[in-house]
Amino acid sequence: MRKEWVAKRQGQSNVTQMNYARQGIITEEMDYVAKRENLPVELIRDEVARGRMIIPANINHLNLEPMCIGIASKCKVNANIGASPNSSDINEELDKLKLSVKYGADTVMDLSTGGGNLDEIRTAIINTSPVPIGTVPIYQALESVHGNMENLTPNDFLHIIEKHAQQGVDYMTIHAGILIEHLPLVRNRITGIVSRGGGILARWMLHHHKQNPLYTHFDDIIEIFKKYDVSFSLGDSLRPGCQHDASDEAQLAELKTLGQLTRRAWEHNVQVMVEGPGHVPMDQIEFNVKKQMEECSEAPFYVLGPLVTDIAPGYDHITSAIGAAMAGWYGTAMLCYVTPKEHLGLPNAEDVRNGLIAYKIAAHAADIARHRTGARDRDDELSHARYNFDWNRQFELSLDPERAREYHDETLPADIYKTAEFCSMCGPKFCPMQTKVDADALTELEKFLAKEPVTQG
């Protein structure tokens, strides 16, 4: 679909959606997104120009179906996949990608650190994916020097970043906000630095006693991103890894730097979203969202969770979906899913499914709470189907139709029960929704109540 769109941009030095939007140009991607979101295309262009919305769409990702991330649009969900040295391979990652798309992931991040040829895995994922693909290039940069972090050079980082851009990656997590002067601020934390990319850069700075190379070479990264229209996902290297560490001095110091980097990228018309925590108590979520908007000039916020308690390993898709729904309500643009395996291991296909559905629920709940046009239409339609005992329509409208049907059919599998006016919870005699009161009966009741006082007892 995008082949002809992109062909017209060949030879231009800056092909970002923000660059065109700021020239008043409506791209084909903006038009496509406007139709998907049921929003005026001029609004899409204005939000992209302002930096409050991004359309991650690398010019080399031709099979992409463009989408947007921003407060003016529906709350989005990202799914993480990726092979590790201990588990998974290219076929398993492609299966996870297809499952993620099936269950509604708006973007997918490939966090592969091993388990095969990383370039081949990434290329296969991009060539298969209709949704934007994000990566964390620092992982492959470390692998390129065989895990010897001390040998990493700024050129190693830039080489891998450009390689990812050439392959068609739509957005990259760039951990440019963690500075050497921030490191002492983690001294009083329980969990220290929990970001994998942040940890790599912290060790590099401690070893070399030099500033973060992604910060000092930020302008070089900008030049790469301009050529391919790669969006920044500015990584929160100092995100809190537990309730105790939330909203501390280290996290907020990095956030201020991320705001400065956001505005530097905007000077070159490069798109930016900003990543956020992490583990945050419920009473601090609104503060975190509002603080990000203030520090980062309302660039789209992209949060992991946040997890609202730390005592439920194996159920962190639930502890985090609670925080994610609240974050979305307060204005977060995209939620990064957490699976039941968080803190425990590499997720399998079923973990991906459970994490995604939990987060689709959270994002949809946020859209309803923010009163987005049409957000509740599906809920109302399903409610009508439920009241009319239209089981098949209920299944169709469910976020996970297969699971809804599976649970219904565990006890009432026969086709005759797809039209039955009861389920196995109440049975045929005690379902309250069988109490059908027609309009005429209610009118008569109202007349009676108007004449006769109702006695108590």
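So, Tyr-359. Leaving out its neighbours within four places in sequence, Tyr-359 is in contact with Val-77, Gly-305, His-317, Ser-320, Ala-321, Ala-324, Leu-335, Cys-336, Tyr-337 and Val-338. I should say right away that this is a predicted model, so please hear everything that follows with that in mind.

Where does Tyr-359 belong in the bigger picture? Tyr-359 is one of the residues with the most contacts inside the largest nonpolar core, along with Ile-174, Phe-225 and Phe-232. That core has 118 residues. And which helix gives the largest share of the core? That's α15, residues 349-369, which puts in 7 residues.

Okay, cysteines, since somebody always asks. How many disulfides does a search of the whole structure find? The count is 0. Take Cys-68: this cysteine is in no disulfide, and the nearest cysteine sulfur, the one in Cys-75, is 11 Å away. Cys-68 counts as buried, because its relative accessibility is 0%. Then there's Cys-423. Why is there no bond from Cys-423 to Cys-426? Cys-426 has the closest cysteine sulfur, but at 5.7 Å that is too far for a bond, given that a disulfide needs the two sulfurs within 2.5 Å. Cys-423 counts as partly exposed, because its relative accessibility is 27%.

Next, a histidine. His-164 is placed in helix α8, residues 154-167. Is His-164 buried or exposed? His-164 counts as buried, at 2% relative accessibility. Setting aside the residues within four places in sequence, the contacts of His-164 are Arg-122, Thr-135, Pro-137, Gln-140, Val-169 and Met-172. For a sense of distance, go from His-164 to Arg-264: that's 100 residues along the sequence, and 22 Å in space, C-alpha to C-alpha.

Hang on to Arg-264, because it takes us to salt bridges. The structure holds 35 of them, and I'll walk through a few.

Arg-264 forms a salt bridge with Asp-219, with the closest N and O atoms 3.3 Å apart. This pair links distant parts of the chain: Arg-264 is in helix α12, residues 249-266, Asp-219 is in helix α11, residues 218-228, and they are 45 residues apart. Both ends can be placed on the accessibility scale: Arg-264 is partly exposed at 23% relative accessible area, and Asp-219 also counts as partly exposed, at 39%.

Helix α12 comes back in another pair. The side chains of Lys-256 and Glu-295 meet in a salt bridge, at 3.3 Å from N to O. Here too distant parts of the chain are linked, with Lys-256 in helix α12, Glu-295 in helix α13, and the two positions 39 residues apart. Is Glu-295 buried or exposed? Glu-295 is buried, with a relative accessible area of 9%, whereas Lys-256 is partly exposed, at 42%.

Then Glu-298 and Arg-50. Their side chains meet in a salt bridge, at 2.5 Å from N to O. How many residues apart is this pair? They are 248 residues apart, with Glu-298 in the loop between α13 (282-295) and β9 (301-304), and Arg-50 in helix α4, residues 41-50. Glu-298 counts as partly exposed at 30% relative accessibility, and so does Arg-50, at 42%.

One more charged residue: Asp-236, which lies in the loop between β7 (231-234) and α12. Asp-236 counts as buried, because its relative accessibility is 6%. What does Asp-236 touch, not counting residues up to four places away in sequence? The list is Ser-195, Glu-254, Glu-275, Gly-276 and Pro-277. If you have the structure open, have a look at Glu-254 and Glu-275, two of those contacts.

Last stop, the surface. Which residues form a nonpolar patch there? They are Val-437, Leu-442, Leu-445, Phe-448, Leu-449 and Val-454, and together they have about 540 Å² of accessible area. Val-454 is found in the segment after α19 (439-451). Val-454 is exposed, because its relative accessible area is 54%, and the cut-off for exposed is over 50%.

So, to recap: a nonpolar core of 118 residues, with Tyr-359 among those with the most contacts inside it; 0 disulfides found; 35 salt bridges; and a nonpolar surface patch that includes Val-454. Happy to take questions.

Conventions
Residues are numbered from 1 along each chain as its sequence is written. This is a predicted model: local features need pLDDT of at least 70, side-chain atom pairs count only at pLDDT 80 or more; totals for chains, interfaces and linings use all residues. Side-chain values use heavy atoms; hydrogens and water are left out. Buried means under 20% relative accessible area, exposed over 50%, partly exposed in between (1.4 Å probe, protein chains only). A nonpolar core is a set of buried Ala, Val, Leu, Ile, Met, Phe, Trp, Tyr and Cys residues joined through side-chain atoms within 4.5 Å. Helices (H or I, at least four residues) and strands (E, at least two) are DSSP runs, numbered from the N terminus. Contact means heavy atoms within 4.5 Å. Patches are made of residues with over 30% relative accessible area and no salt bridge: like charges are joined within 9 Å, nonpolar side chains (Val, Leu, Ile, Met, Phe, Trp, Tyr) within 5 Å. Accessible areas come from the Shrake-Rupley method with a 1.4 Å probe; for residues, only the protein chains shown count as cover. A salt bridge is a side-chain nitrogen of Lys or Arg within 4 Å of a carboxyl oxygen of Asp or Glu.
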